[in-house]
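Please open the model in your viewer, show it as a cartoon, and keep the selection panel at hand. The tour below moves from one selection to the next and says what is to be found at each stop.

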Amino acid sequence: MDTTTAPLTRADCLALDAADPLAGFRGRFELPDGVVYLDGNSLGALPRGAAERAQEVVTAEWGRGLIRSWNTAGWFGLPRTLGDKLSRLIGGAPGETVVTDTTSLNLFKALAAAIRIQQQDAPARRVIVTERDNFPTDIYIAEGIADFLNSVAEHTGTRYEVRLVDDSLPLGEALDEDSAVVSLSHVNYRTGAMWDLAGVTARAHAAGALMIWDLAHSAGAVPVDLNGAGADFAVGCTYKYLNGGPGAPAFIWVSPRHQDRFWQPLSGWWSHAAPFAMADSYSAAPDIRRFLCGTQPVTSLALVETGLDVALEADMALVREKSLALTDLFIRLVEERCAEHPLRLVTPREQAARGSHVSFRHPEGYAVMSAVIARGVIGDYREPEVLRFGITPLYVGYADVWDAVEVLRDVLDSKAWDAPEHRTRHAVT
């Protein structure tokens, strides 16, 4: 059924849900009754079995196994075991990914490694290229490492800088003989706009720069082929489309061609070649373990595995197909049924340029989203004025989209958003 132009009713949406080859995955998640959850691009839903897995780790592995479980329950190898699973979702191979730390820390490691390689191969390159509309922590980390390098090399005259791509400075103009590394989010956190991963990687390499991708809004939602694109490094989180739980450990992927050269200043004992030798000097592990740092959070890692196992059962081609159909439907219904209201689409209409969330601007965006959430449709708000609706194909259906837009329409028509409780800002939105 054509969801972009053909006449459509809620009954049609229910029929699409009944014929959906991914429909069975909805039952793999704990979803509250009366809620349409459109914020899985910020925090994924709870997979069934996750609570039981956490209980097993706490009661059996910790409670009875005690310290023996580092060996008997496989705790010590979890970062690499999970990394090998996650690699399958991002176009990597075994031994190329570890699940560890946070996205911010992993980005710091990747930037440090890329800059170190360029210091050896092309020392004149001292510019980090990123995007003004990137997720803020990605910019902050780039600024921080540039400031650190400048402070320790102040006497040499060597200066690193962060160059921001925006409407006035497109990527093609930002890349030049000074570019050392390009760091971009594959899917923009605010708008859902998606870069051409392979094409941009090729442009960065042609300019002599190394390429780092942030896959926080990509992994588990859109097809990703890092090896096929020839990427250098990638980072991302596991608590969005991979449903790993709040604050779940992130991941870092490194191309095999860089692993022997990877250097990071966070040289903790878990990345040592022989961590339990307790040597008095550092020697990096000869494999993906060198991208670790300190002792790992076992319970959080165990929950990540529950979400990964569900994601790996799904056909990513079907996930992408459904994501595009649902986002097309959402855009269409909002523009048809809310046409009298000052909503402006900021997500690309072109399918190839879109991730798996849809964003509209509204002058009263915060209050509107607060009112929508109060009626059981959970999306989120991002400055400036952006209503953001995440589409997670494994548990969001066509009727969910219909119902969500109906709630949005009613909130706008009735001006339900214009109430004190919806205008009060909260620290976390």
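Two strands are taken as paired here if DSSP finds at least two bridges between them. Bear in mind throughout that this is a predicted model.

**The four-stranded sheet**

With that rule in hand, select residues 357–361, which are strand β12, together with β11; the two run antiparallel and are joined by two bridges. If you display side chains here, you will find Arg-344 opposite Arg-361 of β12. Now widen the selection to the whole open sheet, whose four strands follow the order β11-β12-β15-β14 with antiparallel pairing. Because β11 (344–345) and β14 (380–382) each have a single partner strand, they stand at the edges, and one side of each is left without a neighbour in the sheet.

Next, add the helices that lie on this sheet. Helix α12, residues 316–337, lies across β11, β12 and β15 (386–390), and its direction is at about 25° to that of β12. Helix α13, residues 365–374, lies across β14 and β15, running at about 40° to β15.

**The loop between β14 and β15**

Stay with these two strands and select Pro-384, which lies in the loop between them, β14 on one side and β15 on the other. What is the peptide bond from Glu-383 to Pro-384, cis or trans? The bond is cis, with omega near -5°. Then move to Glu-385, which is found in the loop between β14 and β15; Glu-385 has a positive phi of about 65°, although it is not a glycine. As background to both stops, most residues other than glycine have a negative phi, and most peptide bonds are trans.

**From α13 to α14**

Return to α13 and add helix α14, residues 398–414: the two axes come within 9 Å and cross at roughly 125°. The helices α13 and α14 are therefore oblique to each other, and α13 passes α14 in a right-handed crossing. To see the contact itself, select Val-368, Ala-371 and Val-372 in α13, which meet Val-407, Leu-408, Val-411 and Leu-412 in α14. The residues of this contact of α13 with α14 divide into seven nonpolar, no polar and no charged.

**The seven-stranded sheet**

Now turn to the other sheet on this tour, an open one of seven strands in the order β4-β10-β9-β8-β7-β5-β6, with mixed pairing. Its edge strands are β4 (97–99) and β6 (161–165), each of which pairs on one side only. From one strand to the next, the twist averages 15°. Within the sheet, select β7 and β8 (residues 210–214), which pair in the parallel sense over five bridges; Ser-183 stands opposite Ile-212 in β8. Helix α4 packs on this sheet, touching β4 and β10 (251–254), and its direction makes about 120° with that of β4. Helix α5 lies across β5, β7, β8, β9 (233–236) and β10, running at about 170° to β9.

**Helices α5 and α6**

Keep α5, residues 103–121, and add α6; the pair packs at an angle of about 45°, with the axes 10 Å apart. They are therefore oblique to each other, and the crossing of α5 and α6 is right-handed. The α5 side of the contact is made by Ser-104, Leu-107, Phe-108, Leu-111, Ala-112, Ile-115 and Gln-119, and the α6 side by Thr-137, Asp-138, Ile-141, Ala-142, Ile-145 and Leu-149. By residue type, the contact of α5 with α6 divides into nine nonpolar, three polar and one charged.

**Helices α4 and α11**

Go back to α4 (residues 78–87) and add α11 (residues 298–313), where the axes come within 10 Å and cross at roughly 20°. That makes α4 roughly parallel to α11, and the crossing of the two is left-handed. The residues of the contact of α4 with α11 divide into 10 nonpolar, no polar and three charged.

**A last stop among the aromatic rings**

The model has 11 aromatic pairs. One of them is formed by Phe-135 and Tyr-189, which are edge-to-face, 5.0 Å centre to centre, with 90° between the planes. Phe-135 lies in the loop between β5 (127–131) and α6 (136–152), and Tyr-189 in the loop between β7 (179–185) and α8 (197–206), so the pair ties together parts that are 54 residues apart in sequence.

Definitions and conventions. Residues numbered from 1 in each chain as written. Predicted model: local features only at pLDDT ≥ 70, side-chain atom pairs only at ≥ 80, totals over all residues. Heavy atoms only, no water. Contact = heavy atoms within 4.5 Å. Axes fitted to C-alpha atoms, helices over the stretch in contact; angles between N-to-C directions. Parallel < 35°, antiparallel > 145°, perpendicular 65-115°, else oblique. Left-handed = near helix turned anticlockwise from the far one by under 90°. Nonpolar A, V, L, I, M, F, W, Y, C, P; charged D, E, K, R; others polar. Phe/Tyr/Trp six-rings, centres within 6.5 Å; stacked < 30°, edge-to-face > 60°.
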